[in-house]
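Biologist: Please display the sequence and the structure, so that the fold can be discussed step by step.

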Amino acid sequence: MRVLKFGGSSLASVTRFLEVADIVQQQGGNQSVGLVLSAPQGVTNLLVELTDLAFLGSDYQPLLLQWKQRLAQLIAEAAMRVSSEQLKAVQQLADEQEQKLTERLQGISLLSYCPDHIKAQILGMGEQFSVCLMTALFKSRQVDVALLDSVALVKSQGDYLNAVADIPASEQTFAAALAKQSAQVYVMAGFVSSNAQGELCLLGRNGSDYSAAIVAAAVKASVCEIWTDVDGVYSADPRQVKQAKLIEHLSYDEAMELSYFGAKVLHPKTIGPLARFQIPCYIKNTLNPAAPGTCIDANNNGDSLVKGISSLEHLALITVSGPGLKGVVGMASRVFATMAREQVSVSLITQSSSEFSISFCVAQLDLAAAKKALELEFELELQGKLLRPLQILSDMAIVSLVGDGMRQHRGVAAKFFASLAQARVNVVAIAQDSSERSISAVVEQKACQNAVKVCHENFFSHIPSIDVFLVGCGVVGSELLAQFQRQQQFLQQRNVKLKVYGIANSKALLLDEKGIDLSQWQQQMQLAKAQFSVADLSRFVQEQHLTNPVLIDCSSAEPVANLYVDFLKAGFHVVTPNKKANTGSLDYYHQLRQVAQQHRRRFLYETTVGAGLPVIDTLQGLFNAGDELVAFEGILSGSLSYIFGLLEQGVALSQVTTQARDLGFTEPDPRDDLSGMDVARKLLIMARESGLMLNLADVEVEGVLPNDFAPGTDVATFMQQLPQLDKAFAERIAEAKAKGQVLRYIGEINEGRCKVAIKALDLDHPLAKVKDGENALAIHTRYYQPIPFVLRGYGAGAAVTAAGVFSDVMRTLSWQQEM
């Protein structure tokens, strides 16, 4: 016999019932089929809610009407499919159930009490209706079908609502029943059973899987198939992890671990009877019957490192601790005997090596009962200070890594905990059994989904994510978005998922939970109304469970730079070409680095000095190797490099400034560049990176323009007056040329002092030939002298700056992988 079980999602309508019938007839072949059915979708939930409302004395009539309508709808759908006689039998059962349910609910409501045996009778009605309806449909197809009474045949022990199978007794009842009748298809209800006294007992909520396993074990079936609404068991819950992969094969032990720790496609008790009798089990999809599904059997495929990641939520962690535990025989036994008496299931246990404490997880719903029972059991020890007051952490979850192959591979635990750290998840407790088949960590429930996503990313999909939020969509920001869009295929080929979830300017914030369409972002920004704030972005990240948020600040705004610490504390990496944060107060400068380190985030600012040139990274590399800065000089402004290159060729200052402004090499107000303050900020960043703790006021600044030139004028007036300086600059250029020199705007660090100014350079100087928008830096260090370390390349233009920012954004991934 083949045993096939179909869940409620496979029985949502009569059309679905008929699809199940098709599958059963196709699967049967030369073997008979034992068909185990759940209740029609949603029916058991209605019965649970009805019972609860009646117990509370609330009005349950509207819900009772809904239950009646649900059955009536199914009967109406079946009317055209079955004979009048068969339909009458289904209707008769529905009428009997309605009468019985009405009487039971009235009694519960009057007494404000619902005994477990009455509740079991109510909650098991849905499965019995499914059996009656399915039997009628098979008979209409002239299929040789027999209805088996699961209440009589499936024997169990324990309480009425969560009974445990009695396999030997079930073997006897099934053997006797099958000897009396023969059929091609035997239809029976899941979820229900009976104890030794013949009373109806339930096998635990969602226990129809367990029913199928009991039937398979009792009849020694060749296979047990669990049909549901997914293709099989996945490496993680596909509703939480979109990249979850179908698992083709699991051992019994792996399946038990996954189901116990939250894999909802399997009931936790299902595997036991199948493993005992070595019956293979397949998890298959009713909506995709041709799919191979997941096979569960005794074979151990140890080649696979990790099979799945599961989570168990809505837990509380209880810790019993104190000197009264150490070395005292029987204390742990008393703890768990107390839980057993209260029928509280313990999900995870861990004990300190000092025997000072025992911690374990229970369902959040059982916490009050567990706490009360423990305080009563250890009343004397608590009063005598032999035990400390119970420590309780609510709203916890367990994240588990499962796989038979973990035992043969080193470093799995290290990678697991590194992944949790990457997700910024605090591990409260750890447990691992001696088989090394699974390792579990207790975490806060609010962090559970992030933990699962990052672990899955590192163990399975190997597709790290970059979750971008851009502030400032001007010239550089727009170019960066264009580069993101152009590079999507390149990133996908290298298994990197980069999505822009937010774009903000001074007026609005655009957010999209699916990622912003970068071909339409300008139009979408016009419709955006939200305002940019740390709180709003943090809330969005938490709601969308983004694991690697990166704030990119392409503005030049000081208020945004002042928020970097808050963003780092909120879990964002910060990438910026904005120089304001690194040239503000020294206290803020140090705070940024301390907070980034404390919160394991990156603060990256390579483009603040050399645009696309790797200046900061080069400096840090030299210093990490023990080098020391002796002196520095450099052309740090691409716009001034462009201007002074054309001045050398005889172009007038006013003309070249206008040209540079039109090309976008300068700010809209060229005085921002000609003042020298931009270069001063870059030089200060270089100085601070070198260990000189200076402030901006410590940098000596000689601007390109006289300090008293065109003060207080607007840009247009300034540009009109600028030709007044053409003659003086032409004379200065000619004077330098006569001496065999060129003028360049230089930033230099020497003997701990910083200065930016126009400087005449000999033609053989390393910086003399730097022009046309190039940047160049001559770094004199203890290792690099007398010939300096020179970096040279374009430093002006949005493309190179955006490329530098892009490079910094990608460095957040290398940091993750180092963890």
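Biologist: Which residue in β9 does Phe-6 stand opposite?

Modeller: This is a predicted model. Strand β1 covers residues 2-6 and strand β9 covers residues 223-228, and the two pair in the parallel sense over 5 bridges. Phe-6 belongs to this pairing, and the residue in β9 that it stands opposite is Trp-227.

Biologist: Which strands stand at the edges of the open sheet?

Modeller: The open sheet is formed by 8 strands with mixed pairing, in the order β3-β6-β2-β1-β9-β11-β12-β10. A strand with a single partner has one side left without a neighbour in the sheet, and this applies to β3 (145-147) and β10 (249-251). From one strand to the next, the twist averages 20°. The strands at the edges are therefore β3 and β10.

Biologist: At about what angle to β6 does helix α6 run?

Modeller: Helix α6 spans residues 125-140 and lies across three strands, namely β2 (33-37), β3 and β6 (185-189). Relative to β6, the direction of helix α6 is about 160°.

Biologist: How far apart are the axes of helices α2 and α4?

Modeller: Two packed helices are described by the angle between their axes and the distance between the axes. Helix α2 (residues 43-56) meets helix α4 (residues 84-111) through residues including Leu-47, Leu-50 and Phe-55 in α2 and Leu-101, Leu-105 and Ile-108 in α4. By class, this contact has 7 nonpolar, 2 polar and no charged residues. The packing angle is about 35°, and the axes are apart by 7 Å.

Biologist: Which residue in β28 does Ile-749 stand opposite?

Modeller: Strand β27 (residues 741-750) is mostly covered, with 7 of its 10 residues buried. It is joined to strand β25 (residues 629-635) by 4 bridges in an antiparallel arrangement, in which Glu-633 has Glu-748 as its bridge partner. β27 also pairs with strand β28 (residues 753-762), in the antiparallel sense over 10 bridges. In β28, the residue opposite Ile-749 is Cys-754.

Biologist: Which residue in the hairpin of β27 and β28 takes a positive phi?

Modeller: The hairpin has 2 residues between the strands. One residue of the hairpin has a positive phi near 55°, and that residue is Glu-751.

Biologist: Is Phe-718 buried or exposed?

Modeller: Phe-718 is found in helix α30 (residues 715-721). Leaving aside neighbours within four places in sequence, its contacts include Pro-670, Leu-674, Leu-705 and Phe-709. Because its relative accessibility is 0%, Phe-718 counts as buried.

Biologist: What distance separates the C-alpha atoms of Phe-718 and Ala-337?

Modeller: Along the chain, Phe-718 and Ala-337 are 381 residues apart. In space, their C-alpha atoms are separated by 87 Å.

Biologist: How many of the 11 residues of helix α26 are buried?

Modeller: Helix α26 comprises residues 638-648 and is largely enclosed by the rest of the structure. Its buried residues include Leu-640, Tyr-642, Ile-643 and Phe-644. Just after α26, Gly-650 takes a positive phi of about 100°. Of the 11 residues in helix α26, the number buried is 10.

Biologist: Where in the protein chain is confidence lowest?

Modeller: The mean pLDDT of the protein chain is 91, and 98% of its residues reach 70 or more. Confidence is highest in strand β23 (residues 573-575), at 97. It is lowest, at a mean of 82, in helix α32 (residues 798-818).

Methods. Residues numbered from 1 in each chain as written. Predicted model: local features only at pLDDT ≥ 70, side-chain atom pairs only at ≥ 80, totals over all residues. Heavy atoms only, no water. Pairing = 2+ DSSP bridges. Axes fitted to C-alpha atoms, helices over the stretch in contact; angles between N-to-C directions. Contact = heavy atoms within 4.5 Å. pLDDT = per-residue confidence, 0-100. Buried < 20%, exposed > 50% of the residue type's maximum accessible area, 1.4 Å probe, protein only. Nonpolar A, V, L, I, M, F, W, Y, C, P; charged D, E, K, R; others polar.
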